[in-house]
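This report describes a sheet, the helix packed on it and the surroundings of a ligand. The sequence and structure follow.

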Amino acid sequence: MSDIPAGQLVVRRLTHLEPALLAALVDYGRSALGESALDEWMLPVIASCGLLYVGRLGDEIVGSAEIIRCLDGDDLYLEGLYIRPEFQRQGFGNGLLTVVGELLSPDEFKRLLVTVSPENEAGLRLYEKAGFREIDYLPDRFGPGRHRLLLAKPLPGPAQA
Ligand SMILES: CC(C)(COP(=O)(O)OP(=O)(O)OC[C@H]1O[C@@H](n2cnc3c(N)ncnc32)[C@H](O)[C@@H]1OP(=O)(O)O)[C@@H](O)C(=O)NCCC(=O)NCCS
């Protein structure tokens, strides 16, 4: 797959997950994120109540990203962005994050938040390149020893006349 340029990635929002697609997304998520992947109970909720995006090369889903709204404030929260292991390091993570950022409504929200493990070199590099900056350290965020950095990226805001 290394000869496929990142420009061929097509990003699509999914609002309904039929059973085979739901099962595939659960598998893909686990292959990239392990136990922290969203499961068959949460993915349909995000699809219908939040934003669920997939990045595709032709018919193949190579990665996904989920976004929810933080009800306290003007922030969005990026949950569980991943690229399937066999498609990593080809620019697709960067491509998916860029397109998803462009799809978000600039008028309503001020920041896009994400948490990442301090040991996740790939995630840190990806988010740093995309303009995210560390704003907090969240010890034991997901249980004992599962520390996270909270990163934020300002959203562009309404276009100036
Ligand atoms: C993080 C992730 C989405 C990156 O996807 P990707 O398609 O491999 O990333 P890209 O090819 O677009 O590379 C983006 C940047 O990250 C860097 N990068 C990618 N994998 C890396 C790794 N394993 N170690 C160090 N840097 C890495 C790339 O070099 C690139 O930076 P550069 O342009 O300065 O070279 C992917 O590794 C993944 O799905 N990981 C598991 C899930 C995860 O950690 N998600 C993020 C936290 S929720």
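Strand E6 and strand E7 (residues 148-154) run antiparallel and are joined by 5 bridges; strands here are DSSP runs (E, at least two residues), helices likewise (H or I, at least four residues), numbered from the N terminus. Arg133 has Ala152 in E7 as its bridge partner. The model is a predicted one, in which local features need pLDDT of at least 70, side-chain atom pairs count only at pLDDT 80 or more, and totals for chains, interfaces and linings use all residues. Residue numbers start from 1 along each chain as its sequence is written.

The pair E6 and E7 belongs to an open sheet of 7 strands, with the order E1-E2-E3-E4-E5-E7-E6 and mixed pairing (strands pair if DSSP finds at least two bridges between them). Strands E1 (10-14) and E6 (133-138) stand at the edges with a single partner strand each, so one side of each lacks a neighbour in the sheet. From one strand to the next, the twist averages 30° (axes are lines fitted to C-alpha atoms, for helices over the stretch in contact; angles run from 0 to 180 degrees between N-to-C directions).

Helix H3 (residues 92-103) lies across E1 and the strands tabulated below, at about 40° to E3; contact requires C-beta atoms, placed from the backbone, within 7 Å.

| Strand crossed by H3 | Residues |
|---|---|
| E2 | 51-57 |
| E3 | 60-69 |
| E4 | 75-83 |
| E5 | 111-116 |

Around the ligand are 21 residues, of which Gln88, Gly93, Asn94, Ala122 and Gly123 come nearest (near means a C-beta atom, placed from the backbone, within 6 Å). Helix H1 (19-33), E4, H3 and helix H4 (121-129) each give two or more residues to this shell. H4 supplies the largest share, 6 residues.

Methods:
Two residues are in contact if their C-beta atoms, placed from the backbone, lie within 7 Å.
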